[in-house]
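Please load the model in a viewer and keep the selection tool at hand. The tour proceeds by selections, each followed by a description of what is found there.

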Amino acid sequence: FRVFLALMYSSSGLDDEARKQAHLVTATGLPDDLYWLGGRCWQAELAYRYDDRDQAQELLGLLEPHAWVAVGSPMPFPSPSVAHHMGLLAATLGRYDEAQAHFTRAAGIHERLGSPNWLARTRMEWAAMLLRRRDAGDTDRARDLLDQALATAVGLGLGGVERRCRRL
């Protein structure tokens, strides 16, 4: 659960602590158990937040065989798709077309699972990627994705998603 702790530190603005925990995870590795896939996805989130291209490259390869599934969890809440995290990693590496393909897949998975919270997050990160890429039509598409993500965030009370959508 050290990787989850790192993510919580990062979400709380405690970047030094987050980086320390993330480094320990990288140094010691993750056990090959029930939580391996979720742990790798949370590592992907950290690599994205801290623009760790080396970690992103490694994790993208590890997650590839799981691109079509959602992360299993014993908790009673919707789980993210692996494709969402692969989109974050591809965006970190500047592989924007690949990121778009992953975000498209993730959105479909979240729609089929009935997971509006993760669909909102995917749309938000997809929009952020489009705003970095800046190809023709990307700004308009990003605006549409952000409008959808923001509406969901407001409706579900996802304060962090709402604030980030507004900043973007």
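In which loop is Asp51 found? Select this residue in the predicted model: Asp51 belongs to the loop between α3 and α4. Its phi is positive, at about 50 degrees, although Asp51 is not a glycine. As background, most residues other than glycine have a negative phi. Asp51 comes just after α3, and that helix is the next stop.

**Helix α3**

Select residues 36-49, which form helix α3. The helix has 14 residues and reaches 20 Å from its first C-alpha to its last, close to the 20 Å expected at 1.5 Å a residue. Because twelve of the 14 residues are buried, α3 is largely enclosed by the rest of the structure. Among the buried residues are Trp36, Cys41, Gln43, Glu45 and Tyr48; Arg40 also belongs to this buried set. To see what covers them, display α1, α2 (15-28), α4, α5, α7 (116-133) and α9 (159-167), against which the buried residues of α3 pack.

**Gln43, within α3**

Is Gln43 buried or exposed? Centre the view on this residue of helix α3. With a relative accessibility of 5%, Gln43 counts as buried, since the cut-off for that class is under 20%. Its side chain is joined to that of Arg40 by a polar contact of 2.8 Å. Setting aside residues up to four places away in sequence, Gln43 touches Val3, Val25, Thr26, Leu30, Gln55 and Leu59.

**The pair α1 and α3**

Add residues 2-11, helix α1, to the selection. In general, two packed helices are described by the angle between their axes and the distance between the axes. Here the axes of α1 and α3 come within 9 Å and cross at roughly 35 degrees, and the crossing is left-handed. On the α1 side, show Val3, Phe4, Ala6, Leu7, Ser10 and Ser11; on the α3 side they meet Gly39, Trp42, Gln43, Glu45, Leu46 and Arg49. By class, the residues of this contact divide into six nonpolar, four polar and two charged.

**The pair α4 and α5**

Next, select residues 53-63 for α4 and residues 82-92 for α5. At what angle do these two helices, α4 and α5, pack? The angle is about 145 degrees, and the axes lie 9 Å apart. The crossing of α4 and α5 is left-handed. Arg53, Ala56, Leu59, Leu60 and Leu63 contribute the α4 side, while Val82, His85, Met86, Leu89, Ala90 and Thr92 contribute the α5 side. The contact of α4 with α5 comprises eight nonpolar, two polar and one charged residues.

**Helix α7**

Move on to residues 116-133, helix α7. Its 18 residues should span 26 Å at 1.5 Å a residue; the end C-alpha atoms are 25 Å apart, which agrees. The helix is mostly covered, with 15 of the 18 residues buried.

Two arginines of α7 deserve separate selections. Begin with Arg123, which has its place in this helix. Arg123 is buried, because its relative accessible area of 14% falls under the 20% cut-off. Which residues does Arg123 touch, not counting those up to four places away in sequence? They are Glu111, Leu145, Gln148 and Ala149. Side-chain polar contacts join Arg123 to Glu111 at 3.4 Å and to Gln148 at 3.0 Å. For a distance check, pick the C-alpha atoms of Arg123 and Ala67: the two residues are 56 residues apart in sequence and 17 Å apart in space.

Then select Arg132, which also lies in helix α7. At 39% relative accessibility, Arg132 counts as partly exposed. Apart from neighbours within four places in sequence, Arg132 is in contact with Tyr48, Ala91 and Tyr96. A second distance check runs from Arg132 to His85, 47 residues away along the chain; their C-alpha atoms are separated by 17 Å.

**Arg134, just after α7**

The last selection is Arg134, found in the loop between α7 and α8 (138-156). Its phi is near 60 degrees, a positive value in a residue other than glycine. Is Arg134 buried or exposed? With 53% relative accessibility, Arg134 counts as exposed, since that class begins over 50%.

How values were computed:
Residues numbered from 1 in each chain as written. Predicted model: local features only at pLDDT ≥ 70, side-chain atom pairs only at ≥ 80, totals over all residues. Heavy atoms only, no water. Axes fitted to C-alpha atoms, helices over the stretch in contact; angles between N-to-C directions. Helix = DSSP H or I, 4+ residues; strand = E, 2+ residues; numbered from the N terminus. Left-handed = near helix turned anticlockwise from the far one by under 90°. Contact = heavy atoms within 4.5 Å. Nonpolar A, V, L, I, M, F, W, Y, C, P; charged D, E, K, R; others polar. Buried < 20%, exposed > 50% of the residue type's maximum accessible area, 1.4 Å probe, protein only. Polar contact = N/O pair within 3.5 Å; in protein donor to acceptor, adjacent residues only side chain to side chain. Expected span 1.5 Å × (residues − 1).
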